[in-house]
Amino acid sequence: MEEEFYQKYKKLGRGSWGKEFLLIKGMYNGMLNLMKSQDQFIEPMETILKIFLSIGKARKEGRSIIMHPFNYGPELFHTMNLQPLMQELFSVGLAPFHMNEPYLDFSNNVGYGDNPTLCNASRPLIGAFLQGAAPVPDLLFFLSTPCNSLSINYQVFESLTGVPTYNMDIPYWACEQDSEFYDETIMDYIITQSKEFIEWLEKETNQKFNIEKFQQTMLRLNEARGYIMEFNELLKTIPCPAPSMTGFWNWFFMTNIGGTADAVEVTKYTRDKTAEMVKEGIGAVEDEKIRIGWPYTHVFFEGPNLFNWLEETYNAVTIMDILGYYQVRPQNITNLEECYESLAKGTLEYSMIGSCRGPVEYYIDYCLDYVRDYKLDCIIFPMQYACKHAYAMARITSEIVREETGIPALIFGCDPYDSREVPSEAIRGKISEFIEQVVL
Amino acid sequence: MTILEKFYQSIPLENPWIESWKKEGKKVLGTFCSYIPDEIIYAADILPIRIRAKGCAETPMGDAYLTQTACSFTRCCLEMANRKQYNFLDGMISCNSCDQIRRLFDNIRFKAPPPFHHFLSVPGNVNETTIDWFKHELTKFKETLEENFSVDISDNKLRDAIKIYNKSRTLLKELYMLRKNTAPPISGTDMMNILLTNVSIPKEQFNELLSQQLQEIDGKEGISDYKARIMLAGSMLDDPDYVKIIEELGGLVVTDAYCLGPRYFWDNVDETKNPMDALANYYMSRVSCPRMAGRQSNRVEHIVDLIKEFNVDGVILQRMKFCALWWGEIFIIRKKLKELNIPFLDLEREYVMSGVGAMKTRVQGFMEVLEAR
């Protein structure tokens, strides 16, 4: 990163963000420092910084803040000029700097769960809030899926803060007609709930939903989805043209700025850069030897370090984690109803929602497609102890993946948010053993 | 044999009533959650029973597939299924009660598939749209039962089933009302046996037994030699021995808030409505479990109301280890109880009774606190 660029953003981050945004400011500065040594993919990095700045400025600019989970796109919020605040910033965003750990400890001390029971993607928010270090949003929104931890965490936060809250039910069934789990009413059900949610937002924010702006947002969303689909296709190339964390950032952008011009720009940039690599026949990892599937989140407290270590030590590229596996295709949106359909489809197929909201077959199919489409050599399930719904699918899935594709799988438990549970060395030890004794 | 002793016969998973039912060539379906309307199954002349895992001693299969951080109830169930201990069932019905039940069902389907299975997608919140969806789910469920078991579930049969189930609810509530007395006629341990029988035998026979029980206790002297009136609230609990420990230490459990208790029967299904509408409304709108978003304050109020109505001295909050929903819920209940200055004890437990010594020590300490007030 050029010094001038660094100084520009250092300056932009200066000054008071207010007590409630101190942690967001900490993340901003942490990200800026992490990026200092980076000389590639600068544009996406800049977009990340802008997202943090935008949250920090929301109050001053008079925008209401809506807190939402990691598995829902913010299109409606941007349409209504609301500032989305992804709840998991307090875990995913703080973990690489170990700044979430004091809040986990505080949650333990006040009796709000423990690690194997309640997911640490959610708990730091409660700890931070109780210590006055988390902003109280103007509105809360969450889904009934993919997990109980998320649902109960929002309920507890709602109870503690009294913030107006909306919940959307996400059913178990599939919207694809060729699925054995198909239900013909599911799309209408989500569309109806989405429209009710819009009515609720109108009421709570005292504004009229702007249909034109919504359609424009959905067009932009479609465009960004298109670039991500092209990027996903490019990742099938051998050698893999993008570094291991790239897909994850696509998810991050779609979850924070999906539907905006910035999201279009940044996803196009990533697609273009990746296409250039393919054209030139260059792999992101020198002399690529192993292609790893990672059908769960990455280990957040590691930041990019674990994937970097895999790349450097074993010439192993991790194609993308479960969040980066964003598979919402662009839809035909020539009229308003199709926009709602596209919104509903995105809700049902969002990263981790599509694969985890229903029967285990959704997850198995996702893993099988992943292995076959991306020509994987092995699959690593770094399961979070508290993630009951996912952890309880890993064994069956690994057996079926082995049976049907012949590739080996490693399952291990850890806490992606807390380096003290299973430390880096132990994680690396398990992976090394697997790669050296089974994969190679 | 006293009536109470008859209730005790329903404790094993396979009980004499089920044996008689099966001898008539009739089917039995196991269910995993109180959000599954038993009335629809009963209207098909099939006996619905609540699946339990009594007698499970170790869980290697559950540990391997569900992992050791899944709750011990689900691990025990997978173990029992794998050991063919549910083979007397003609099928299993599950729903997305919680993540662990949802994945238990997946693992059972793959590793020990029952002859018939069905899943209900129960909405995670309550409003007109989600109630409509649930009705759609119930209709699919009814049609699946009809097709699979070659039965006709007419509206009249549904109405009859609703009536019989409402009768159970009314009788149970009647018995609960008597527990408000200074000298309640029944212990919490015996009540737990009755609640288990309620979900383990045909409803007509249950209603008959419970009517006899109510007659038997009518006018009799109740229990007065207790130290404190206790409410038991929290995760799914189906072990009378757990309640017995509390009562042996001087507490008398006079009411409760868990899924086999008042939440299951406090109100009746509307008999005047279209039966599927009535069932969808009832199951969605009753006092919920923590899986239901947007209803937390309603659930806490329900507990506070019961505390007042039953003149409770202290609350024992029990939660199954690794249950995310109940940990979050209890965090909020505790806050409310503190505000109201109501003493409580927070106990973590496993499905299979363990750590009895530690539990006794804590309950004993709690009784002393209550006595000193």
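Two strands are taken to pair if DSSP finds at least two bridges between them. In the predicted model described here, this criterion is met in chain B by strand β1 (residues 28-31) and strand β3, which are joined by three bridges and run parallel. One of the residues involved is Leu29(B), whose bridge partner in β3(B) is Gly91(B).

Strand β3(B), which covers residues 91-95, also pairs with strand β4 (residues 117-120) of chain B. This second pairing is again parallel and extends over four bridges. Within it, Met92(B) of β3(B) lies opposite His117(B) of β4(B). The elements β3(B), helix α6 (residues 99-111) of chain B and β4(B) together form a β-α-β unit, and this unit is right-handed.

The side chains of β3(B) can be considered next. In a regular strand, side chains alternate between the two faces of the sheet. In β3(B), Gly91(B), Ile93(B) and Cys95(B) point one way, while Met92(B) and Ser94(B) point the other way. The residues on both sides are buried, and β3(B) is accordingly described as mostly covered, with five of its five residues buried.

Chain B as a whole contains 16 helices and eight strands. Its radius of gyration is 20 Å, close to the 21 Å that the globule rule gives for 373 residues, so chain B is as compact as a globular protein of that length. The C-alpha trace of chain B spans about 60 × 50 × 45 Å along its principal axes. Of the 373 residues in chain B, 64% are buried. The accessible surface of the chain amounts to about 13500 Å², and carbon and sulfur atoms contribute 46% of this area. When contacts in chain B are restricted to residues at least 6 apart in sequence, 73% of them join residues at least 24 apart.

Chain A has 17 helices and eight strands. For its 440 residues, a compact globule would have a radius of gyration near 22 Å, and the value of 21 Å for chain A agrees with this. Along the principal axes, the C-alpha trace of chain A spans about 60 × 50 × 45 Å. Buried residues account for 66% of the 440 residues in chain A. Its accessible surface is about 15300 Å², with 47% belonging to carbon and sulfur atoms. Among the contacts in chain A with a separation of 6 or more, 78% are between residues 24 or more positions apart.

The domain assignment divides chain A into domain 1 (1-16 + 25-59) and domain 2 (63-439). The C-alpha centres of domain 1 and domain 2 of chain A are 22 Å apart. Contact between them involves 20 residues of domain 1 of chain A and 26 residues of domain 2 of chain A.

A parallel strand pair is found in chain A between strand β3 (residues 139-143) and strand β4 (residues 165-168), with four bridges. Phe141(A) stands opposite Tyr166(A), a residue of β4(A). The chain passes from β3(A) to β4(A) through helix α7 (residues 148-161) of chain A, and this β-α-β crossover is right-handed. From β4(A), Thr165(A) and Asn167(A) point one way, and Tyr166(A) and Met168(A) point the other way. The four named residues of β4(A) are buried.

Two further residues of chain A illustrate opposite degrees of cover. Pro382(A) is located in strand β7 (residues 378-384) of chain A. With a relative accessible area of 0%, Pro382(A) is buried, because buried means under 20%. Leaving aside residues up to four places away in sequence, Pro382(A) touches Trp294(A), Tyr296(A), Thr297(A), Phe412(A) and Cys414(A). The C-alpha atoms of Pro382(A) and Ile427(A) are 8.8 Å apart in space, and the two residues are 45 residues apart in sequence.

Glu403(A), in contrast, is exposed, with 66% relative accessibility; the threshold for exposed is over 50%. Glu403(A) belongs to helix α16 (residues 388-405) of chain A. Trp294(A), one of the residues touched by Pro382(A), is 109 residues away from Glu403(A) in sequence and 18 Å away in space, C-alpha to C-alpha.

Technical notes
Residues numbered from 1 in each chain as written. Chains lettered and ligands numbered in written order. Predicted model: local features only at pLDDT ≥ 70, side-chain atom pairs only at ≥ 80, totals over all residues. Heavy atoms only, no water. Buried < 20%, exposed > 50% of the residue type's maximum accessible area, 1.4 Å probe, protein only. Helix = DSSP H or I, 4+ residues; strand = E, 2+ residues; numbered from the N terminus. Right-handed = clockwise from strand over helix to strand, strands pointing away. Rg over C-alpha atoms; globule rule 2.2 N^0.38 Å. Contact = heavy atoms within 4.5 Å. Areas by Shrake-Rupley, 256 points an atom, 1.4 Å probe, with all protein chains shown as cover. Domains from an automatic or database assignment.
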